[in-house]
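Reader: Hi! Could you take me through one part of this structure slowly, the aromatic rings and the places they join up? I'm in my first year, so plain words would help.

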Amino acid sequence: MSLETVSTNRMFGGVQGVYRHQSRETKTPMTFSVFLPPQAAEAGARLPVVWYLSGLTCTYANVTEKGQFQRACAELGLIFVAPDSSPRGEGVPDDPEGAYDFGLGAGFYVDATQASWAANYRMESYIVSELPEVIAANFPVDMARQGLTGHSMGGHGALTLALKTPGRWKSVSAFAPISSPMRCPWGEKALGGYLGPDRAAWRRYDATALLDDGARVPELLVDQGEADNFLEGQLKPDLLEAACRKAGVRLTLRRQPGYDHSYYFIASFMEDHLRWHAERLQGVTS
């Protein structure tokens, strides 16, 4: 679990750090960021943690530099972890046509099964198993108090990973998630490429299908910009709303007039999400 410190910066009394390690799952170096609030410096501190999964083309850097989460995390005593969105490095396969929605930056939080992708594209196991081990070994986290959120492709990741590991995440939210990858062009390309043509295998990576198949979380918070140019063609929050209603899962879906898909949108509602997570993570016991 050797960890390299790439950078650290003092911020709101805490520390914003960037770190790198060699991943056993992706077989590549993986870089991630961690914000430690000032409470982390107290003797014996064990703090709740919120994980943020990024969207297409993004790395840990997008939310770290644009998400505006640090002030709220410093106030609330939350550790904030932002992983990368795919493996990277020499020899890692990419979309042969250089498209942004498959390959590097587009891991879709799946464990790929198809030849040429399966060796490195193991983002589900990386997020669920390996990186939490690294975080727990190196930072003062209380692993009984974990929240999960994400944006777009990362929102899809947050929803599906939470539904597949019930009880692991005590709070789950998303910003403009890809609600049903099986029913949108981004998802059909990614799931078909990483998992093959059998659509039955795709159901493990589709939040609406998981809900239909019996997976549950207690509640969800989702924000969606009404001026998002991907709203109808790719994101389809109405499908998530219908699946939650049918499954009896409490969904707070807030449609935000005038907001698009950018980090201006995410930054506008990040504090709301962090306060929502903090309420559900305080006092939780394993």
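Author: Sure, and let's start with what a pair is: two rings of Phe, Tyr or Trp (its six-membered ring) pair if their centres lie within 6.5 Å, and planes over 60 degrees apart make the pair edge-to-face. Keep in mind that this is a predicted model. Searching the whole structure turns up 16 aromatic pairs.

Take Tyr 19 and Phe 139. Their ring centres are 5.1 Å apart with 70 degrees between the planes, an edge-to-face pair. Tyr 19 belongs to strand E2 while Phe 139 sits in the loop between H3 and E6, so this pair ties together parts that are 120 residues apart in sequence. Tyr 19 is buried, because its relative accessible area is 7% and buried means under 20%. Phe 139 has a relative accessible area of 9%, so Phe 139 is buried too.

Now for Trp 51 and Trp 169. With 6.3 Å between the ring centres and planes at 85 degrees, this pair is edge-to-face. Here again, distant parts of the chain get linked: Trp 51 is in strand E4, and Trp 169 is in the loop between H4 and strand E7, 118 residues apart. Both Trp 51 and Trp 169 are buried. Trp 169 has another partner as well: the charged end of Arg 168 sits over its ring, 4.8 Å from the centre.

Rings can also gather in a group. Phe 35, Tyr 52, Phe 69 and Phe 80 are linked into a cluster by ring pairs. Phe 80 turns up again in the largest nonpolar core, which has 88 residues; Phe 80 and Tyr 194 are the ones with the most contacts inside that core. Helix H9 (residues 263-281) gives the most to this core, with eight residues. As for Tyr 194, leaving aside neighbours within four places in sequence, its contacts include Phe 102, Phe 108, Trp 117 and Tyr 121.

Finally, a look at H3, the helix beside that loop with Phe 139. H3 covers residues 123-138 and bends by about 35 degrees at Leu 131, with a proline, Pro 132, following within four residues. Among its buried residues are Tyr 126, Leu 131 and Pro 132. What covers the buried residues of H3 includes strand E2, strand E4 and helix H4. You've met E2 already as the home of Tyr 19, and E4 as the strand that holds Trp 51.

Notes. Residues are numbered from 1 along each chain as its sequence is written. This is a predicted model: local features need pLDDT of at least 70, side-chain atom pairs count only at pLDDT 80 or more; totals for chains, interfaces and linings use all residues. Side-chain values use heavy atoms; hydrogens and water are left out. The bend at a residue is the angle between axes fitted to the seven residues ending there and the seven starting there. Helices (H or I, at least four residues) and strands (E, at least two) are DSSP runs, numbered from the N terminus. Buried means under 20% relative accessible area, exposed over 50%, partly exposed in between (1.4 Å probe, protein chains only). Contact means heavy atoms within 4.5 Å. A nonpolar core is a set of buried Ala, Val, Leu, Ile, Met, Phe, Trp, Tyr and Cys residues joined through side-chain atoms within 4.5 Å. Rings of Phe, Tyr and Trp (its six-membered ring) pair if their centres lie within 6.5 Å; planes under 30 degrees apart count as stacked, over 60 as edge-to-face and the rest as tilted. A charge sits over a ring if NZ of Lys or CZ of Arg is within 6 Å of the ring centre and within 35 degrees of the ring normal.
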